[in-house]
Amino acid sequence: MEQKTSEGLVRGIRRWELAAMAVNGIIGAGIFGLPSEVFSRIGVYSLFAFAACALVVVVIILCFAEVGSRFSETGGPYLYAREAFGPLVGFEVGWLIWVARLTAFAANSNLLLGYVSFFWPAASVNPWRPIIIASLVVMISLVNILGVRDAAAVSDFFTVGKLIPLVLLIAAGLFFIQPVRYSLGPAPGYGEFSSSCLLLIYAFSGFEMALIPAGEARDPRRNLPFALFTAVGVVAVLYMLIQIVCIGTLNDLAASKRPLADAASGFLGSAGGAIVSAGALVSILGNLNVILLAGSRLPFAMAERSELPKFIGSVHHRFRTPHVSILITAAVMLALTLSGTFVYAATISAIARLLTYAASCAALPVLRKRERDLPALFRAPGGVVLAIVALVLCAWLLSNSSGEQRRDSAIAGAIGLLVYVLCKQRRKPSASA
């Protein structure tokens, strides 16, 4: 028997599917492209950067687990900020999460083409590049419109499909490691290390995508903390081992465009490179599916609260999915993908995510004061102190973004504010009529 919500959606995402969605949200394109990018900046010290990012994300997730255990509606961090700080802050947070989803989709799609070119070199050049991207967006959009159960099943398939080649890479690569490659050398400067951590946040974040469609999850208040902790545990172990293998086996890691595939080719031959490249394709496709699923629920949640035009909150009469929001989100994702590059889009996405993470962490002490109205089913150890530590860590990472990146992120936030004001002005006549 399907459980329907007041929003007209269906609660079709089960406990382990929610965990798979969180894993899928984190493991996307980042780990297939960033090991070489970070190594080129700080060398073997990239291992410490991976560890530092894992610790930062664990602190943030503890805050999210408590805050998320108070809600069972669609919206995730947008909903948390709205309840804690009011509609304007909530809208800005939701808008920035949407921007993060859009830029993440663009970044991951561009890296996807890099791995497709392992099998078909012409894939990354015109006219095939826009054709492949457009076909991909149409395919994922159809899966999401047809129903959340279908989207969740696709997520499960891609989660298993992406983990198998990664585990194979680690299991085989550990036997071919050359210890001499781990010589530390001169320590990187503070700015180099911190900016590398900021970039790595892109690879470690994405867990919030499991929080956003809570209105379509079964018993989300209990299952969301489980999903978050399962995901971060799996991801932290995998990422550290992957970086260890890449450093220990790949001769020119800093210059590699496909570091995992190149590493596998070195110790498993061309077959190993093909397997890992295929795994990268599966991983990125699964991540893109979850990005659209979660990203499209944000405009839907905003429209439900009359902060965007009402038609965006329409639910398909047969499939019970927010089809209008899915189509709008997919169209913008397509446009950004055709015009963007991987590293810059990844950094802008990371900045937008950190801003929204900070808002959710700041919501923890505010919502604790409303315990009677919004009781938590999970209590984070340290509580207010933990939230303060999380905010300091977010500020540290954000302080290492460039002026151009901060400018573009500010422009994105300003556009969101303009949209909010315009929609609010349009609501006034109808309210007074």
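Student: Where does W128 sit in this predicted model?

Tutor: W128 is in helix α6, which covers residues 128-146.

Student: Why does W128 count as partly exposed?

Tutor: Buried means under 20% relative accessible area and exposed means over 50%. W128 comes in at 39%, so the label is partly exposed.

Student: What makes the nonpolar surface patch there?

Tutor: Four residues do: F119, W120, W128 and I131, with an area of about 400 Å². To join a patch, a residue needs over 30% relative accessible area, and W128 has 39%, so that condition is met.

Student: On to E92. Which helix holds E92?

Tutor: Helix α5, residues 87-119.

Student: How do you know that E92 has no salt bridge?

Tutor: A salt bridge needs a side-chain nitrogen of Lys or Arg within 4 Å of a carboxyl oxygen. For E92, the nearest side chain of opposite charge is R82, and that is 13 Å away, so the cut-off isn't met. E92 is buried all the same.

Student: What is E92 in contact with, leaving aside neighbours within four places in sequence?

Tutor: G413, G416 and L417.

Student: Why is A261 called buried?

Tutor: The cut-off is under 20% relative accessible area, and A261 has 0%, so A261 is buried. You'll find A261 in helix α10, residues 259-304.

Student: What does A261 touch, not counting residues up to four places away in sequence?

Tutor: Y115, G273, V276 and S277. There's also a C-alpha separation to look at: A261 and L169 are 92 residues apart along the chain, and their C-alpha atoms are 9.0 Å apart.

Student: How many helices and strands does the secondary structure of the chain come to?

Tutor: There are 14 helices and zero strands.

Student: What makes the chain as compact as a globular protein of that length?

Tutor: The radius of gyration is 21 Å, and the globule rule gives 22 Å for 433 residues; those are close, so the chain is as compact as a globular protein of that length. Along the principal axes, the C-alpha atoms fill a box of roughly 75 × 50 × 45 Å.

Student: How much of the chain counts as buried?

Tutor: Of the 433 residues, 57% do. The accessible surface comes to about 16,400 Å², and carbon and sulfur atoms hold 68% of that.

Student: What share of the contacts with a separation of 6 or more comes from residues 24 or more positions apart?

Tutor: That share is 84%.

Definitions and conventions
Residues numbered from 1 in each chain as written. Predicted model: local features only at pLDDT ≥ 70, side-chain atom pairs only at ≥ 80, totals over all residues. Heavy atoms only, no water. Patch = residues over 30% accessible without salt bridge, like charges linked within 9 Å, V, L, I, M, F, W, Y side chains within 5 Å. Areas by Shrake-Rupley, 256 points an atom, 1.4 Å probe, with all protein chains shown as cover. Helix = DSSP H or I, 4+ residues; strand = E, 2+ residues; numbered from the N terminus. Buried < 20%, exposed > 50% of the residue type's maximum accessible area, 1.4 Å probe, protein only. Lys, Arg positive; Asp, Glu negative; His and termini not counted. Contact = heavy atoms within 4.5 Å. Rg over C-alpha atoms; globule rule 2.2 N^0.38 Å.
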